[in-house]
Amino acid sequence: PCSDDTDEMTFTWASGPTSNAGPDIGQCGTSNMTFSGASASSPSTFTWTVLGGGTGSGTIVGSGSVPSNYSFSPISASGQKTVRLSVTGSGTCGSTTVTDDVVVTWDEPLTVSTTSPQNSCTGQANINVTPATINGTYSSINWSAVSGDGTGSITAGGSTASPTFEPTTDAGDYFLTITLTGGGECASTNPSSTMSVVWETP
């Protein structure tokens, strides 16, 4: 009779790598944004990559063996970029790479300044206020006539950088305040600046 014949084979399996880039990050300003919620399976290797597209620019900084040791460092004053965490497994899963993305958004802090005093020798004629200097991300502008000697009011352009002030007396010295409402990641900032308008009759 024929003899039995046998053979053996070995199956090897392992859990595949995992990549978690953490939640999206937003801030007002250009300080480093740390990927504190990021993680990768172990053992594995990983890389952070700033993808093309979006707006602005920045780079990855940091060192160490865990993804949360790294940060996005903005270069431009504002922008939005997608950053990818790529994780490659080891051993049996050494040829497997998985990815996860995080969106980082940053806006320029809001500042405003005015030129004061602004002098006019036109009596009760309208005065075009010198434009305020504005930097940063804002959602709205509001001018208000506060107080002073004489009387007058803002009659046009109260939501622009350069409003029109209309005196209702022949001479005066009046304070005007511009207040900005922040926008984007700087929505909680509301800077203001006060200037004076001085007018006399020719």
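This report describes two open sheets and one lysine, Lys81, in a predicted model.

Numbering starts from 1 along each chain as its sequence is written. Local features need pLDDT of at least 70 and side-chain atom pairs count only at pLDDT 80 or more, while totals for chains, interfaces and linings use all residues; side-chain values use heavy atoms, with hydrogens and water left out.

Strands are DSSP runs of E of at least two residues, numbered from the N terminus, and two of them pair if DSSP finds at least two bridges between them. One open sheet has three strands in the order β3-β7-β6, paired antiparallel. Its edges are β3 and β6, each with a single partner strand, so one side of each has no neighbour in the sheet. Val61 stands opposite Ser71 in β7.

Another open sheet of three strands runs β12-β16-β15, again with antiparallel pairing. Here β12 and β15 stand at the edges with a single partner strand each, so each has one side without a neighbour in the sheet. In β16, Phe165 is the bridge partner of Ile127.

| Strand | Partner strand | Bridges |
|---|---|---|
| β6 | β7 (residues 70–74) | five |
| β12 | β16 (residues 164–167) | two |

Lys81 lies in strand β8 (residues 79–88). Lys81 is buried (under 20% relative accessible area, 1.4 Å probe, protein chains only). It has no salt bridge (a side-chain nitrogen of Lys or Arg within 4 Å of a carboxyl oxygen of Asp or Glu). The nearest side chain of opposite charge, Asp101, is 13 Å away. The Lys81 side chain does reach the backbone oxygen of Gly53, at 2.5 Å. Leaving aside neighbours within four places in sequence, the residues in contact with Lys81 (heavy atoms within 4.5 Å) include Gly53, Phe72 and Trp106.

Notes. Helices (H or I, at least four residues) and strands (E, at least two) are DSSP runs, numbered from the N terminus. Buried means under 20% relative accessible area, exposed over 50%, partly exposed in between (1.4 Å probe, protein chains only). Lys and Arg count as positive and Asp and Glu as negative; His and the chain ends are not counted. A polar contact is a pair of N or O atoms within 3.5 Å; within protein, one must be able to donate a hydrogen and the other to accept it, and residues adjacent in sequence count only if both atoms are side-chain atoms.
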